[in-house]
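Biologist: I should like to go through this protein with you, beginning at its surface and ending with its charged pairs. Please explain each step before giving the result.

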Amino acid sequence: MSNIYSDLDDVDCAAQIALIKEEQNKFTRALFNLKFELLPSTIDPVAADKLRDILSNLESDMIGQVQDEIISELQARIDEVREEDEREDYRAEVRHMTAQHINIKASA
């Protein structure tokens, strides 16, 4: 299966991860604030506790899904690009060493 982010390079993927984490933090802060807005509310304390639990579960699920479905794919693409770069660097080094060997033989 190919990576859905195959059109991005490693720098673009890293930037996307940073942006996604920033948005995730905004969402987490909003849920945190919402949980504490329930404290002084006129909602029955048992119902407020259940709502806070639901919000906590939503927050946890969102963080897990973002990690599993988005960030891990972007990180995999970063790893893929870096491996490709390493292979290309190795090939270039082999070509360079081969060319040096041929030049030494030619000059001898």
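Modeller: A definition is needed for the surface: a nonpolar patch is made of residues with over 30% relative accessible area and no salt bridge, their nonpolar side chains being joined within 5 Å. Please keep in mind that this is a predicted model.

Biologist: Which residues make the nonpolar surface patch of about 320 Å²?

Modeller: One member, Phe36, is found in helix α1, which spans residues 10–37. Phe36 has a relative accessible area of 45% and is therefore partly exposed, and a patch requires a value over 30%. The patch of about 320 Å² is made by Phe32, Phe36 and Leu39.

Biologist: How many helices and strands does the protein have?

Modeller: Helix α1 covers residues 10–37, and α2 covers residues 45–107. Strands number 0 in this protein, and the helices number 2.

Biologist: What percentage of the residues count as buried?

Modeller: A residue is buried when its relative accessible area is under 20%. The accessible surface of the protein comes to about 8,100 Å², of which 57% belongs to carbon and sulfur atoms. Of the 108 residues, the share that counts as buried is 20%.

Biologist: Which residues form the largest nonpolar core, and which helix supplies the largest share of this core?

Modeller: In soluble globular proteins, nonpolar side chains tend to be buried together. Here the largest nonpolar core has 9 residues, namely Tyr5, Cys13, Ile17, Ile20, Met62, Val66, Ile71, Leu74 and Ile78. Both α1 and α2 supply at least two residues of this core. The largest share, 5 residues, comes from α2.

Biologist: Which residues does Ile17 contact, leaving aside its neighbours within four places in sequence?

Modeller: Ile17 is a member of the largest nonpolar core, as are Ile71, Leu74 and Ile78. Leaving aside neighbours within four places in sequence, the contacts of Ile17 are Ile71, Leu74, Gln75 and Ile78.

Biologist: Is Thr28 buried or exposed, and which residues does Thr28 contact beyond its neighbours within four places in sequence?

Modeller: Thr28 has its place in helix α1. Its relative accessible area is 18%, so Thr28 is buried. With neighbours within four places in sequence left aside, Thr28 is in contact with Glu59, Met62 and Ile63.

Biologist: Among contacts between residues at least 6 apart in sequence, what percentage join residues at least 24 apart?

Modeller: Contact here means heavy atoms within 4.5 Å. Among contacts between residues at least 6 apart in sequence, the share joining residues at least 24 apart is 76%.

Biologist: Turning to charged pairs, which residue forms a salt bridge with Arg82?

Modeller: The two partners differ in position, Arg82 lying in helix α2 and its partner in helix α1, so the pair ties together parts that are 72 residues apart in sequence. At 45% relative accessibility Arg82 counts as partly exposed, whereas the partner, at 18%, counts as buried. The closest N and O atoms are 3.8 Å apart, and the partner is Asp10.

Biologist: What separates Glu23 and Lys26 along helix α1, and what is the N to O distance of their salt bridge?

Modeller: Because Glu23 and Lys26 are 3 residues apart in helix α1, about one helical turn separates them. Glu23 is partly exposed at 44% relative accessibility, and Lys26 is partly exposed at 39%. Their side chains meet in a salt bridge with an N to O distance of 3.1 Å.

Biologist: Which residues are linked with Arg77 in a network of salt bridges?

Modeller: Arg77 lies in helix α2 and is buried, with a relative accessible area of 9%. Its side chain meets that of Glu80 in a salt bridge of 2.4 Å, N to O. Leaving aside neighbours within four places in sequence, Arg77 is in contact with residues including Asn3, Tyr5 and Glu84. The residues linked with Arg77 in the network are Glu80 and Glu84.

Biologist: Finally, which side chain does Arg95 join through a polar contact of 3.1 Å?

Modeller: Arg95 has its place in helix α2. Its relative accessible area is 48%, so Arg95 is partly exposed. The polar contact of 3.1 Å joins the side chain of Arg95 to that of Glu88.

Key:
Residues numbered from 1 in each chain as written. Predicted model: local features only at pLDDT ≥ 70, side-chain atom pairs only at ≥ 80, totals over all residues. Heavy atoms only, no water. Patch = residues over 30% accessible without salt bridge, like charges linked within 9 Å, V, L, I, M, F, W, Y side chains within 5 Å. Areas by Shrake-Rupley, 256 points an atom, 1.4 Å probe, with all protein chains shown as cover. Salt bridge = Lys/Arg side-chain N within 4 Å of Asp/Glu carboxyl O. Helix = DSSP H or I, 4+ residues; strand = E, 2+ residues; numbered from the N terminus. Buried < 20%, exposed > 50% of the residue type's maximum accessible area, 1.4 Å probe, protein only. Core = buried A, V, L, I, M, F, W, Y, C linked by side-chain atoms within 4.5 Å. Polar contact = N/O pair within 3.5 Å; in protein donor to acceptor, adjacent residues only side chain to side chain.
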